[in-house]
Amino acid sequence: LGTPFKRYHIATVWRGEKPHRGRYREFMQCDFDTIGTRSNAADIETLLVIHDLFDIDCRVKWPNDILVDDRKIVGVLSQIEAEADQITFINLGIGMNVNNNPTRSEPKATSIANILGHPVSRKRILATFLDAFEQRIGGKGLGTIIAEWKRHTITLGRRVRIVTTQEEFEGLAKDVDATGALVLELADGSLKTIFHGDCFHQ
């Protein structure tokens, strides 16, 4: 299987739970996944696609969310498998609020349709993203990912709380390193490099 491997699927799905306000049993879902690349590249290309197609001002929140006016519009999840110091694969799943209305159950979320006031073509978004992403991974601008991420982030320079499965840290988000890890300045002035966790802006 060549990498990066990209796939997308649009179909009707059903929840195996009791429906309630804002969560319907039947709805249309659009997924696109990439295998064999880094989430920072996916973050940037997703942000640029939304901006270029719809002129929406998006910002990246560490580690993997895209926000519009502090409301979530995209989430990126990654799964990594490694042997010793070598990464075997990286799977990325990108969830984007396109024509849905998440604000009913998630007031801190929004969608492209909510912002524009009308639905948009999901296939157009997918086609544009996949073309741009393929060019990026093929070497076009690959070395500028971290610099672009920094230009578009709203996390750096803010006080944040990071929660991992085992620990919790609070401090000032100073930087991200070459791997995309967050460099946090703690209360005692020391620097802590954090590779993963949930980030809460304060």
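Five strands make up an open sheet in this predicted model, and their order is β10-β9-β8-β7-β11. The pairing is antiparallel, with β10 (191–194) and β11 (198–201) as the edge strands. Let's walk through that sheet, then a helix with an aromatic pair, and finish with the chain as a whole.

**The open sheet**

- Strands β10 and β11 sit at the edges, and each of them pairs on one side only.
- On average, neighbouring strands of this sheet are turned by 45° against each other, with direction ignored.
- As general background, the strands of a sheet pair through backbone hydrogen bonds, in either a parallel or an antiparallel way.
- How many bridges join strand β8 to strand β9? There are four, between residues 168–176 of β8 and residues 182–185 of β9, and the two strands run antiparallel.
- If you want a spot to look at in β9, try V183, the bridge partner of D175.

**An aromatic pair in helix α3**

- The count of aromatic pairs comes to one.
- That pair is F129 with F133, and it is stacked: the rings are 5.2 Å apart centre to centre, with 20° between their planes.
- The planes count as stacked because their angle of 20° is under the cut-off of 30 degrees.
- Both phenylalanines belong to helix α3 (residues 122–137), where F129 and F133 are four residues apart, about one turn of the helix.
- Are these two rings buried or exposed? F129 is buried, at a relative accessible area of 1%, and F133 also counts as buried, at 0%.

**A charge over a ring**

- Another ring to look at is that of F200: the charged end of R161 sits over it, 4.6 Å from the ring centre.

**Helix α4 and a pair of alanines**

- Helix α4 covers residues 145–152, and A147 is found there.
- A147 has a relative accessible area of 41%, so it is partly exposed.
- A147 and A178 are separated by 31 residues in sequence, and their C-alpha atoms are 9.3 Å apart in space.

**The chain as a whole**

- In total, the protein chain has four helices and eleven strands.
- The protein chain has 202 residues, of which 38% count as buried.
- Among contacts with a separation of 6 or more, 52% are between residues 24 or more positions apart.
- The protein chain exposes about 11,600 Å², and carbon and sulfur atoms supply 49% of that area.

Conventions: Residues numbered from 1 in each chain as written. Predicted model: local features only at pLDDT ≥ 70, side-chain atom pairs only at ≥ 80, totals over all residues. Heavy atoms only, no water. Buried < 20%, exposed > 50% of the residue type's maximum accessible area, 1.4 Å probe, protein only. Contact = heavy atoms within 4.5 Å. Areas by Shrake-Rupley, 256 points an atom, 1.4 Å probe, with all protein chains shown as cover. Phe/Tyr/Trp six-rings, centres within 6.5 Å; stacked < 30°, edge-to-face > 60°. Lys NZ or Arg CZ within 6 Å of the ring centre and 35° of its normal. Pairing = 2+ DSSP bridges. Axes fitted to C-alpha atoms, helices over the stretch in contact; angles between N-to-C directions.
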